[in-house]
Structures are given as structure tokens and as C-alpha cells.
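Please work through the following exercises with the structure in view. Each task is followed by a solution in steps.

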Amino acid sequence: MKFYEMGIVLKHPWEQVVQSFWQRYPNPYSKHVLTEDTVQRELVSGKLRSIRFLTKTGQGPRWADKFVPHQLVGIIEESIVDPKKQSLTTYTRNIGYNKIVSITEKVEYHQDPTNPQQTLVQRQAWIESQFHIGTLRRPIEAFIYDRFRKNCTKASNGFQWVLSKMWTKEPVNSPVILNDIALEAARRATTIASHANARLSS
């Protein structure tokens, strides 16, 4: 098993971060995220609990092609917003290819106690392979760890891009913003269609 951890500071108040969290996609850094759907949302004891389903894609090593014929993977994201504690906690895990590798991620967003105009983000992830060929488990974990680390950087950059677009003085519906979002949405639709055609032909 490999463990990953990183922390960043977002230069926005916690309230803005939480509102922007639901608008993360699409963005120019999220090309591996294809779809997102809210499965369940409820208010429990003053906390907002949500479950979302996402599909992502990524290119694996060539030697894994015969074990992973398709590049799409399903992701379950559970989140809890606690307005009293000013915290947002997310739990994410893959539900596709988990017999090859399982990734469990926890991310916590808290208002900076020393600066209410900032939000502290702490990310943790556990990567473990249960592949039936034991000698390949460590190479799989090492590859996924490196890919996950790079995607975390993209996710952070993408989220900060969304925060900047949503909370600058320019109107949120400015033509530039809409154009950026439209181009990214079109790219995702094209990618989904190509993967669907690949499945049909396989």
C-alpha cells in the first residue's frame, strides 16, 4: 500500500470554496473527468450529505492493456458539509477496476483559524493493489501513485481556476468564461462518444 498526503491553502473564504466545490467541472485542467451526477443529497443534523458519481479516464502503462481494456473508471464521491464547524469533508473511491487497484481519498476543507479569508485543504489517499499476479502489485501501485500525484496537481489548479472565475469582479457569465466552459464541455462529450464507440466495437 502507498500513502499520499498534501496540503494547500486556497486564497478564498470557506463559504466561497464550498459554493465553488459543486462547480469544479468542467475546467481546463480536468480533461480526465468526463461526467458527474448527483445520486443523493440530504440534510442530516444540520449537515449536508451528498453522493455523486463521476466517470474519469486515463492512459495506463502499455503492459496493462490486456488487463484494462477500457480507460473509463467509475468514481463514488461522498461529501459532508458542516456549516457550524465550517468544514467540508469528501471521501472518494473507485468502483471500477478495484480488483486491480483501489484508491481511497479523503479531503478536508477548513477555514483558516488565523485568516478567515483563506481555506486550508488537507488531502490524503491510500493506494493498494490486490492484483492476482502478486509480482505486479508494486509496479501497479507505483504507477498509480505517480499518476494520482499529477492529477492532484491538476485538480488543485483546476479548482483555483474555478474560484478565480467565480469570485473575480468580472461577471460570472462573461463571454470568456462561457467560451472556456463550452469548449471544455464539448471536448468531454467527444471523449465520451469515442469511448462508447470503442466499447461497441470491442
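The exercises below treat the fold, one helix and the nonpolar cores.

This is a predicted model, in which local features need pLDDT of at least 70 and side-chain atom pairs count only at pLDDT 80 or more, while totals for chains, interfaces and linings use all residues. Residues are numbered from 1 along each chain as its sequence is written, and side-chain values use heavy atoms, leaving out hydrogens and water.

**Exercise 1.** State which elements the protein has and how they are ordered.

*Solution.* Helices (H or I, at least four residues) and strands (E, at least two) are DSSP runs, numbered from the N terminus. The protein has three helices and seven strands. From the N terminus on, their order is β-α-β-β-β-β-β-β-α-α.

**Exercise 2.** Determine where the buried residues of helix α1 fall around its axis.

*Solution.* Buried means under 20% relative accessible area (1.4 Å probe, protein chains only). In α1 (residues 14-21), the buried residues are W14, V17, V18, S20 and F21. Seen down the helix axis, they fall within an arc of 165° (from the directions from the axis to the C-beta atoms), so they line one face of α1.

**Exercise 3.** Identify the residues that touch the most other members of the largest nonpolar core.

*Solution.* A nonpolar core is a set of buried Ala, Val, Leu, Ile, Met, Phe, Trp, Tyr and Cys residues joined through side-chain atoms within 4.5 Å. The largest has 13 residues, of which L88, Y109 and F159 touch the most other members. At least two residues each come from α1, β6 (102-111) and α2 (137-167); α1 gives the most, with four. Apart from this core lies another of twelve residues, including Y4 and F148.

Technical notes: Buried < 20%, exposed > 50% of the residue type's maximum accessible area, 1.4 Å probe, protein only.
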